[in-house]
Amino acid sequence: MEPPAPSSPPRKPHVLLFPSMSKGHTFPLLSLGRLILLHRPQAAAVTIFTTSANRPFIADSLSDLITASSISIVDLPFPDDHIPGVPLGIEREH
């Protein structure tokens, strides 16, 4: 009889946050990510999707957590060309 196969460690939940590009939508989701990681830092991973224009704001807001926890920021490309009907600079709404 073969010995039982070793079980793999349980995978921790991965929370994906994708706020709208305006800061009014970003603040609450950054707070949520912060709460998840401060409450149970080893229990979950958090990834935040954003545009390159908003990355500095998000990175600064979470700078105390980025090196010490399971949080990452992913830049999503935003077209450089003007898109008819889309205001210029919309990727970085204030």
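Reader: What makes strand β2 largely enclosed by the rest of the structure?

Author: Six of its seven residues, in the run 45–51, are buried, so β2 is largely enclosed. Buried means under 20% relative accessible area, exposed means over 50%, and partly exposed lies in between (1.4 Å probe, protein chains only). This is a predicted model: local features need pLDDT of at least 70, side-chain atom pairs count only at pLDDT 80 or more, and totals for chains, interfaces and linings use all residues. Residues are numbered from 1 along each chain as its sequence is written, and side-chain values use heavy atoms, with hydrogens and water left out.

Reader: What makes β2 a strand, and how many helices and strands are there in the protein chain?

Author: Strands are DSSP runs of E with at least two residues; helices are runs of H or I with at least four; both are numbered from the N terminus. The protein chain has three helices and three strands. Their order from the N terminus is β-α-β-α-α-β.

Reader: How do you know that β1 and β2 pair?

Author: Two strands pair if DSSP finds at least two bridges between them. Strand β1 (residues 14–17) and β2 are joined by four, so they meet that definition. They run parallel. H14 stands opposite A45, and L16 has T47 as its bridge partner.

Reader: Why is the crossover from β1 to β2 called right-handed?

Author: Point the strands away from you: the crossover is right-handed if the path from the first strand over the helix to the second runs clockwise. Here the chain leaves β1, passes through helix α1 (residues 23–39) and reaches β2, and this β-α-β crossover is right-handed.

Reader: What pairs with β2 over six bridges?

Author: Strand β3 (residues 71–76) does, in the parallel sense. T51 of β2 stands opposite L76 in β3.

Reader: How do you know that the span of α1 agrees with what a helix should give?

Author: The expected span is 1.5 Å times one less than the number of residues. For the 17 residues of α1 that gives 24 Å, and the end C-alpha atoms are 24 Å apart, so the two agree.

Reader: What puts the buried residues of α1 on the same side?

Author: The buried residues are K23, T26, L30, G33 and L37. They cover an arc of only 80° around the axis, so they sit on the same side of α1. The arc is taken from the directions from the helix axis to the C-beta atoms. The face turned away carries exposed G24, L35 and H39. Cover for the buried residues includes β1, β2, α2 (55–61) and β3.

Reader: Why is N54 called buried?

Author: Its relative accessible area is 4%, and the cut-off is under 20%, so N54 is buried. N54 lies in the loop between β2 and α2. N54 and K23 are 31 residues apart along the chain, yet their C-alpha atoms are separated by 8.9 Å.

Reader: Why is F78 called partly exposed?

Author: Its relative accessible area is 29%, which falls between the two cut-offs, so F78 is partly exposed. F78 belongs to the segment after β3. From F78 to T51 is 27 residues in sequence and 6.5 Å in space, C-alpha to C-alpha.

Reader: How many of the residues are buried in the protein chain?

Author: Buried residues make up 23% of the 94.

Conventions
Contact = heavy atoms within 4.5 Å.
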